[in-house]
Amino acid sequence: MVTALTLDEAGLALTFDTPADVTIRHLDTPVRIVLDLPESGFAIEADSVVRPSTVQSLRFGRISEGRSRIVIGFSAPVWVVSQEGGSTSSARTTHRLSFSPVARDEFQSLVESDAAQIDTEAAFQSPSRSDAPNMFTLVIDPGHGGIDGGAEGQLGTIEKDLTLAFAKKLEAALAADPAIRVVLTRENDVFVSLRDRVQFARTHRADLLLSVHADSIDVPGLRGATIYTLSDSASDAVSSRLAAQENLADVVAGLPAEPVAPAVSDILIDLLKRETGSFSGAIARELILQMERDGIRLINNPLRSAGFRVLTAPDVPSLLLEMGYLSNIEDEKLMREEPWRLRMAGVLAEAIRAYAKDHRLNAGAP
Ligand code: ZN
């Protein structure tokens with residue numbers, strides 16, 4: 001666990017509650033210093049870290065299996081002059097890095113030598129994700145979790161288990177793609193509020209939030225996959241009931257119901273939402289096309305919309321995928337099958353890859 005992070009013009013101090021190795025490298029376009037860490041939780045929030053004016057961005061989080069990463073973006077080239085690795089007192093470890101401005105060409109050679117070193121490492125390790133500026137960030141949101149189990153099938157399948165298992169399959173299907181970074185809103189059986197799921201995607205500057213579900217609906221004959229986008233008025237009555245049921249997740253878990261935000265008329269937010277909405281629609285069509293092409297069973301009119309709270313990030317294209325419905329025993333049987341999950345994950349991965357290639361939405365933004 002990273003318990004503290006302080007930044008100023010001269011450097012950075014990073015404290016862990018356990019001994020931890022930190023690997024550093026320099027990256028260009030934009031200028032960044034990247035710290036690779038063992039997989040760590042963060043007891044701090046990026047927004048609450050005070051940044052000197054030279055620091056343009058700060059992101060951290062899990063980057064891949066067993067690894068976390070801190071990425072600091074700078075307005076001008078700097079290099080890490082010294083690294084005091086781990087002054088350890090009891091179980092705590094503090095790493096101190098000192099930064100210093102550097103000329104552009106010297107910075108460039110640092111970037112190159114770091115890259116060469118990483119290549120050598122990569123030859124011995126599993127493929128490491130590069131943090132190229134044009135990285136597409138996918139946030140997979142396994143629906144429900146912890147106290148909120150979601151739907152339950154006739155064979156006893158619990159929705160929260162299905163969604164997590166599938167999210168990990170999809171993550172694995174994209175793991176080898178260096179241009180796509182995948183993060184999950186939950187890695188295990190914990191409760192995450194709808195608001196935190198939305199916030200998670202925004203904090204990670206996601207290019208897409210895909211919330212994965214396998215709900216029950218009150219039409220038992222209905223089966224197949226569905227993609228939902230956000231809309232104020234639902235596309236149909238079934239979708240409307242489904243969204244109402246989904247939006248109760250926080251209440252089910254004992255959280256106070258969120259007050260309805262007063263309608264704020266802001267033309268910039270409206271424009272942003274409209275743009276985000278059109279990206280969401282484009283990705284949804286891509287996913288449906290790919291599922292159709294690969295023979296994944298879909299419901300009639302598989303692109304639907306309703307007021308799902310988890311899809312409300314104004315700046316992150318967001319989709320909710322119902323893989324199938326636990327109210328239908330045939331769907332339940334299918335979703336329990338490993339080969340089906342692998343196939344579905346492969347199909348979605350392909351569609352996401354195709355979309356990401358063309359639309360690196362938040363790419364390289366400071
Ligand atoms: Zn659900």
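The following dialogue examines how terms are assigned in a predicted model.

Mentor: Local features in this predicted model need pLDDT of at least 70, side-chain atom pairs count only at pLDDT 80 or more, and totals for chains, interfaces and linings use all residues. Residues are numbered from 1 along each chain as its sequence is written, and side-chain values use heavy atoms, with hydrogens and water left out.

Trainee: Why is Leu268 called exposed?

Mentor: Exposed means over 50% relative accessible area, buried under 20%, and partly exposed in between, with a 1.4 Å probe and protein chains only. Leu268 has a relative accessible area of 63%, so the residue is exposed. Leu268 lies in helix H6 (residues 267-293); helices are DSSP runs of H or I with at least four residues, strands are runs of E with at least two, and both are numbered from the N terminus.

Trainee: What makes Ile180 buried?

Mentor: Its relative accessible area is 1%, and the limit for buried is under 20%; therefore Ile180 is buried. Ile180 belongs to strand S10 (residues 180-184). Its C-alpha is 5.8 Å from that of Thr137, although the two residues are 43 apart in sequence.

Trainee: How do you know that S1 and S2 pair?

Mentor: Pairing requires at least two bridges found by DSSP between two strands. Strand S1 (residues 2-8) and S2 have 6 bridges in the antiparallel sense, and so they pair. Thr6 has Ala13 in S2 as its bridge partner, and the hairpin formed by S1 and S2 has 2 residues between the strands. S2 also pairs with strand S8 (residues 92-101), in the antiparallel sense over 6 bridges, with Thr15 opposite Thr94 in S8.

Trainee: What makes S2 mostly covered?

Mentor: In strand S2 (residues 11-16), 6 of its 6 residues are buried. Gly11, Ala13 and Thr15 point one way, while Leu12, Leu14 and Phe16 point the other way. In a regular strand, side chains alternate between the two faces of the sheet.

Trainee: Why is the site of the zinc ion called irregular?

Mentor: Donors are N, O and S atoms within 2.8 Å of the metal (3.2 Å for Na, K and Ca); water is not among the atoms, so sites may look incomplete. The zinc ion is coordinated at 2.0 to 2.5 Å by His144 (NE2), Glu159 (OE), His213 (ND1), Asp215 (OD), Asp215 (OD) and Glu246 (OE). Six donors count as octahedral if opposite donors are over 155 degrees apart and all others between 65 and 115. The angles among the 6 donor atoms run from 53 to 162°; 53° falls outside those ranges, so the site is irregular.

Note on methods
Tetrahedral: all angles 85-135°; square planar, octahedral: opposite > 155°, others 65-115°.
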